[in-house]
Amino acid sequence: MRMRCEVLDERLPWRSRRVGLLLLDVEGAEEKVLWGAAALTRRWRPVLATEPRLEALSPRLFREHLVPLGYRFSGSCEGLSFYTANVMGDRR
């Protein structure tokens with residue numbers, strides 16, 4: 001079965017609506033999904049919830065994209081790892 005892939009930055013209405021949470025259950029494709037949502041994460045800095053630890057799964061993504069945005073591991077619950085960014089003020 002073939003599935004169509006779309007880039008979140010092109011698909012979600014993130015320019016006009018605040019995005020507060022990205023819950024990713026993408027079976028190891030977290031790096032691709034997050035690179036495809038780079039503009040969204042830069043603008044809104046939503047909480048990220050993933051099954052694997054991102055810094056272990058994709059050190060380059062974590063180091064080059066998420067850390068400069070202020071993201072850090074915030075904790076885990078029920079097998080999910082949560083990442084939050086330090087955000088000063090509203091990013092509208």
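Against which helices and strands do the buried residues of H5 pack? To follow the answer in this predicted model, begin by selecting helix H5, residues 59-66, and display the side chains of Leu61, Phe62, His65 and Leu66, which are the buried residues in that helix. If you then turn the view until you look down the axis of H5, these buried residues fall within an arc of 105°, so they line one face of the helix. Now add the partners: the buried residues of H5 pack against helix H2 (30-35), helix H3 (38-44) and helix H4 (54-57), and also against strand E2 (47-50), strand E3 (71-77) and strand E4 (80-85).

**The sheet**

Select the strands next, and you will find an open sheet of four strands, whose order is E1-E2-E4-E3 and whose pairing is mixed. At the edges stand strand E1 (21-24) and E3, each with a single partner strand, so one side of each is left without a neighbour in the sheet. From one strand to the next, the twist averages 20°. Strands of a sheet pair through backbone hydrogen bonds, which may run in the parallel or the antiparallel sense. For E3 and E4 the sense is antiparallel, and the pairing extends over six bridges. To see the register, pick glycine 75, which stands opposite phenylalanine 82 in E4.

**The aromatic cluster**

Keep E3, E4 and H5 in view and select Phe62, Phe73 and Tyr83, which form one aromatic cluster. A pair of aromatic rings is described by the distance of the centres and the angle of the planes, and the count here comes to two aromatic pairs. In the pair of phenylalanine 62 and tyrosine 83, the geometry is edge-to-face, with 5.8 Å centre to centre and 65° between the planes. Since phenylalanine 62 lies in helix H5 and tyrosine 83 in strand E4, this pair ties together parts that are 21 residues apart in sequence. Phenylalanine 62 counts as buried, at 14% relative accessibility, and tyrosine 83 is likewise buried, with a relative accessible area of 0%.

Moving to the other pair, the rings of phenylalanine 73 and tyrosine 83 have their centres 5.7 Å apart and their planes at 70°, so this pair is edge-to-face. Phenylalanine 73 belongs to strand E3 and tyrosine 83 to strand E4, so the pair ties together parts that are ten residues apart in sequence. Phenylalanine 73 counts as partly exposed, at 27% relative accessibility. Before leaving this ring, add arginine 53, which lies over the face of phenylalanine 73, at 3.4 Å from the ring centre.

**Two loop residues**

Which sign does phi take at arginine 45? Most residues other than glycine have a negative phi, yet the phi of arginine 45 is near 50°, a positive value. Select this residue in the loop between H3 and E2, where arginine 45 is buried, with a relative accessible area of 17%.

For the last stop, go to the loop between E3 and E4, where glutamate 78 lies. Glutamate 78 also has a positive phi, of about 50°, although it is not a glycine. Is glutamate 78 buried or exposed? With a relative accessible area of 78%, glutamate 78 is exposed, whereas arginine 45 is buried.

How values were computed:
Residues are numbered from 1 along each chain as its sequence is written. This is a predicted model: local features need pLDDT of at least 70, side-chain atom pairs count only at pLDDT 80 or more; totals for chains, interfaces and linings use all residues. Side-chain values use heavy atoms; hydrogens and water are left out. Buried means under 20% relative accessible area, exposed over 50%, partly exposed in between (1.4 Å probe, protein chains only). Helices (H or I, at least four residues) and strands (E, at least two) are DSSP runs, numbered from the N terminus. The arc is that of the directions from the helix axis to the C-beta atoms. Contact means heavy atoms within 4.5 Å. Rings of Phe, Tyr and Trp (its six-membered ring) pair if their centres lie within 6.5 Å; planes under 30 degrees apart count as stacked, over 60 as edge-to-face and the rest as tilted. A charge sits over a ring if NZ of Lys or CZ of Arg is within 6 Å of the ring centre and within 35 degrees of the ring normal. Two strands pair if DSSP finds at least two bridges between them. Axes are lines fitted to C-alpha atoms, for helices over the stretch in contact, and angles run from 0 to 180 degrees between N-to-C directions.
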